[in-house]
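Good morning, everyone, and thank you for making the time. Please have a look at the chain on the screen before I start talking.

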Amino acid sequence: MNQTNEETKDRLSLWTRFVALKQAEKDEDALAFRKANIPLPAWGAKVMKKFLGTDYIRTSGYDLSEVEEKLGKDWLDSQSLV
């Protein structure tokens with residue numbers, strides 16, 4: 001996924017806010033912020049699917065827009081982990 005400079009800055013800002021919450025030991029807030037604002041990358045979704053299963057992903061609350069963009073909308077029901 002190629003990003004513009006502005007998109008890169010926006011994403012870095014989101015990650016900075018996430019890290020600040022983690023450093024403040026607000027782990028639940030940090031996770032909620034991440035799920036709501038930072039799309040899960042395809043590689044992360046593949047790992048979750050393999051080790052945690054499809055039900056976990058369906059109910060986890062993660063933003064799966066990047067995964068679906070890269071792997072397709074039916075990736076979760078596919079038998080392939082790759």
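I will go from the whole chain to one pair of helices, and then to two single residues.

Please keep in mind throughout that this is a predicted model. The chain has five helices and zero strands, so that, read from the N terminus, the order of elements is simply α-α-α-α-α. Measured out along the principal axes, I should rather say computed along them, the C-alpha trace spans about 40 × 30 × 15 Å. Of the 82 residues in the chain, 26% are buried, and the chain exposes about 6000 Å², of which carbon and sulfur atoms supply 52%. As for how the chain meets itself, if we take the contacts with a separation of 6 or more, 47% of them join residues that lie 24 or more positions apart.

Now to the pair of helices I would like us to look at.

How do the axes of α1 and α2 cross? Helix α1 covers residues 5-23 and helix α2 covers residues 27-37, and their axes come within 8 Å of each other and cross at roughly 165°. Because an angle over 145 degrees counts as roughly antiparallel, α1 is described as roughly antiparallel to α2. The crossing of these two helices is left-handed.

Which residues make this contact? On the α1 side they are Leu14, Trp15, Arg17, Phe18, Leu21 and Lys22, and on the α2 side they are Asp27, Asp29, Ala30, Leu31, Phe33, Arg34 and Asn37. Sorted by character, the residues of this contact are seven nonpolar, one polar and five charged.

Let me stay for a moment with one of the charged residues.

Asp29 sits in helix α2, and it is among the residues that meet α1. Is Asp29 buried, exposed or partly exposed? With a relative accessible area of 45%, Asp29 is partly exposed, because that value falls between the 20% limit for buried and the 50% limit for exposed. The C-alpha atom of Asp29 is 8.7 Å from that of Phe18, and the two residues are eleven apart along the chain.

The last residue is in the connection.

Glu25 lies in the loop between α1 and α2, and its phi is near 60°, which is a positive value in a residue other than glycine. Glu25 has a relative accessibility of 70% and therefore counts as exposed.

Note on methods. Residues numbered from 1 in each chain as written. Predicted model: local features only at pLDDT ≥ 70, side-chain atom pairs only at ≥ 80, totals over all residues. Heavy atoms only, no water. Axes fitted to C-alpha atoms, helices over the stretch in contact; angles between N-to-C directions. Helix = DSSP H or I, 4+ residues; strand = E, 2+ residues; numbered from the N terminus. Parallel < 35°, antiparallel > 145°, perpendicular 65-115°, else oblique. Left-handed = near helix turned anticlockwise from the far one by under 90°. Contact = heavy atoms within 4.5 Å. Nonpolar A, V, L, I, M, F, W, Y, C, P; charged D, E, K, R; others polar. Buried < 20%, exposed > 50% of the residue type's maximum accessible area, 1.4 Å probe, protein only. Areas by Shrake-Rupley, 256 points an atom, 1.4 Å probe, with all protein chains shown as cover.
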